[in-house]
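Student: I'm new to this one and would love a friendly tour. Could you bring up the sequence and the structure for us?

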Amino acid sequence: MKVVLDMDLGIDDAIALLIALNSSKLDILGITTVSGNVNVDKTTYNALRILEAVGKKIIVARGASKPLFKRPIHSEHVHGNDGLGDSDLRTANTSVLDAQTFFRDTLFTHKKKEISILATGPLTNIALLLDREPLLANKLDKIVLMGGVYGMVKNVRGNVSPYAEFNMYCDPEAADLVFNSGAKIDAVGLDVTMHPECAIDKIRLNAIGKSKGKGAIIASKILSYPVSRHKIFHVHDVFALARLLKPNMFKAVNCRVSVDKVGKFRGRCVATLKKGNVNVCSYVDPLMFTKFVTDGLSGNLDLGKQ
């Protein structure tokens, strides 16, 4: 499965990346970075830090430094000043490409429906790509994204406003463009990522820390920051990776989706239950997800099998 990872590398993006790097099912063509949890310089550096820490060499391409029209906002209060829980990971590698050039070159040189995009940050990079090259929407296999709240589960609200999830709030214009591009999309929002039985608490953090493998060691260090401050941490972005690799873990509803752009409803996702191009996840099996995280980080889970 050929995939490009489009990320605003904060803590949960990093956990998703560590699990993805353990998957024999994925051929990761590159990592594109975007402003979100922290600024794009930090998200780019964080991708390089994670790769060096686990000894992997994958193309990193620096993407958008700001949303299409809004001012950039970040969440260092959640992810730490460096975006990775103020960890001490280092890298000597500063060699990166331009995200838009990388996207176009990669997609134009592969067959139709051969590449998917896993998007765990604001959708600015993908919107810029599809705005300039709209035909590429039909060349992608699919986009699997983390973002939004869709009203699929009662009493689940946004995490920036009552109506909006962070990624959608950061760049609602980009999100609306991507949702209406015609690309096939799987959307994993707070409806499932806030499931209380899927959160990382001290017990699960300790279990990850006792696991073997570089990924588990790094994840334990990074996750200790939010867990020590908030007792639990929702690894939102990992759900998108789980949907890509283990879709049977989820239930989904086929919809059309639009995104409100201004006012108090900025970032609100409006899902219409009509035949559309978006499969909105409405349920996740918490036992399967927990196993996916712990085994995926330790390398004990055969992520090459469906």
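Student: In what order do the strands of the open sheet lie?

Tutor: This is a predicted model in which local features need pLDDT of at least 70, side-chain atom pairs count only at pLDDT 80 or more, and totals for chains, interfaces and linings use all residues. Residues are numbered from 1 along each chain as its sequence is written, and side-chain values use heavy atoms, leaving out hydrogens and water. Strands (E, at least two residues) are DSSP runs numbered from the N terminus, as are helices (H or I, at least four), and two strands pair if DSSP finds at least two bridges between them. With mixed pairing, the 10 strands of the open sheet follow the order 4-3-2-1-5-6-7-10-8-9.

Student: Which are the edge strands?

Tutor: Look for strands that pair on one side only. Those are strand 4 (97–98) and strand 9 (269–272).

Student: Which residue of strand 7 is the bridge partner of V144?

Tutor: Strand 6 pairs with strand 7 (residues 185–188) in the parallel sense, over 4 bridges. Within strand 7, V144 has as its bridge partner D186.

Student: Which residues of strand 6 point the other way from I143 and L145?

Tutor: In a regular strand the side chains alternate between the two faces of the sheet. In strand 6 (residues 143–146), all are buried (under 20% relative accessible area, 1.4 Å probe, protein chains only). I143 and L145 point one way, and the other way point V144 and M146.

Student: Why is helix 1 largely enclosed by the rest of the structure?

Tutor: Helix 1 covers residues 11–21. It is largely enclosed because the number of its 11 residues that are buried is 11.

Note on methods
Buried < 20%, exposed > 50% of the residue type's maximum accessible area, 1.4 Å probe, protein only.
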